[in-house]
Amino acid sequence: MLTIKDWMKYTDIDFNSKTILITGGAGFIGSNIAFYLQDNYPDANIIIFDCFRNNELLSNGNLISYGHYKNLIGFKGQVICGNINNKHDLLFLDKYKFDYIFHQAAISDTRVYNQELVMKTNVNSFHDLLKIAKKNQSIMIYASSAATYGSLPSPQVVGNENPENPYGYSKLLMDQIASRFANENPNMTIVGLRFFNVYGVREFYKAKTASMIIQLGHQILDNKSPRLFENSNKILRDFVFIEDVVQANIKACNAKSNGTYNVGTGIPRSFKDIVDILQKELSTCLNIEYFPNPYDGYQLNTQADITLSKENFQYDPVFSLEKGIKSYLPEIKRLYGEDMQWLS
């Protein structure tokens, strides 16, 4: 299986002997950043701050937190269990002087409509983390989202946003806060990354919000007809493999200018493409089962305009959907059959 450590270092920055905070570090993207840094910079002091899951559910039946200890098996750095909403928990961070902060912690479920919870978790806590970054003169790289664009036509371009759920709006507010803070503190590096549809290793514990790639893969491995919305050949997404997302986070530490940047491939693909690639790789020919799309405000086409990302920090996605799925398949197969254990 191809892993992040098989790839060359993405930057000339030497993270060895640097102190690095990763919020949400037991989650999907955060844990992958942690292992990239550990594998390539063994003398880096990496601190993960995550509230971990407690099986508490949101009103839609999904978990509040997707942090899972199994994402960190093999991690040798420091782990702090804490909630970014809790100022007392944040005091645990006072004894460190962070050189870099990768802020991934958030309520990331786009179908959460508890606006108070989303705003407190994503927006209010961001102010606190920016204060920590300012105190330490840390380079701050934070997770924004393509949800800021809503259902606007493709390609999605920074500066043209129309969020259609609380999560997307909270991320837009974070981008605006970051812009003001950077203007007030011109010596700081603050970069937001708008991730499009990310998939890959360590997403399994996102459970029902994991990518359609692993969900469809497990349906096919179970010899069940893969299920898609009607007209799925016309529903397009910019699917970006986790290793390209890690690349963007690392390279953003050397961004020429502060701002918010798209992270995708720039090439939209359909959900039917996913099924076709999976069936080819798994040597199956199951019939697709189509059913009506039950969601209002559903994005029909996402495509990241990555021009600025290329110009400002040399972001260069290398994984096509075919290449990404092929790389991911050993992990999809390994996790097959564990679906009923995602709360454990």
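**Exercise 1. Find where helix H9 is kinked, and check its span.**

Step 1. A kink of about 40° sits at Tyr328 in H9, shortly before the proline Pro330. The bend at a residue is the angle between axes fitted to the seven residues ending there and the seven starting there. Helices (H or I, at least four residues) and strands (E, at least two) are DSSP runs, numbered from the N terminus.

Step 2. This is a predicted model: local features need pLDDT of at least 70, side-chain atom pairs count only at pLDDT 80 or more, and totals for chains, interfaces and linings use all residues. Residues are numbered from 1 along each chain as its sequence is written, and side-chain values use heavy atoms, with hydrogens and water left out.

Step 3. Now the span. The expected value is 1.5 Å times one less than the number of residues. H9 has 15 residues (321–335), so it should span 21 Å; its end C-alpha atoms are 20 Å apart, which agrees.

Step 4. Look just past the helix. Gly337 takes a positive phi of about 100°.

**Exercise 2. Decide how enclosed helix H1 is.**

Step 1. Apply the cut-offs: buried means under 20% relative accessible area, exposed over 50%, partly exposed in between (1.4 Å probe, protein chains only).

Step 2. Twelve of the 13 residues of H1 are buried, so H1 is largely enclosed by the rest of the structure. Among them are Phe28, Ile33 and Leu37.

Step 3. Find the cover. It includes strand S1 (19–23), strand S2 (45–50) and strand S4 (100–103).

**Exercise 3. Locate the largest nonpolar core.**

Step 1. A nonpolar core is a set of buried Ala, Val, Leu, Ile, Met, Phe, Trp, Tyr and Cys residues joined through side-chain atoms within 4.5 Å.

Step 2. The largest one has 76 residues; Leu37, Phe102 and Leu193 have the most contacts inside it. Helix H1 (residues 28–40) gives the largest share, seven residues.

Step 3. Take Phe102. Contact means heavy atoms within 4.5 Å. Leaving aside neighbours within four places in sequence, its contacts include Ile20, Ile33, Leu37 and Cys253.

**Exercise 4. Describe the sheet around Leu193.**

Step 1. Two strands pair if DSSP finds at least two bridges between them. Seven strands form an open sheet, in the order S3-S2-S1-S4-S5-S6-S11, with parallel pairing.

Step 2. Go to the edges. Strand S3 (78–81) and strand S11 (259–263) each pair on one side only.

Step 3. S6 and S11 pair in the parallel sense over five bridges. Leu193 stands opposite Tyr261 in S11.
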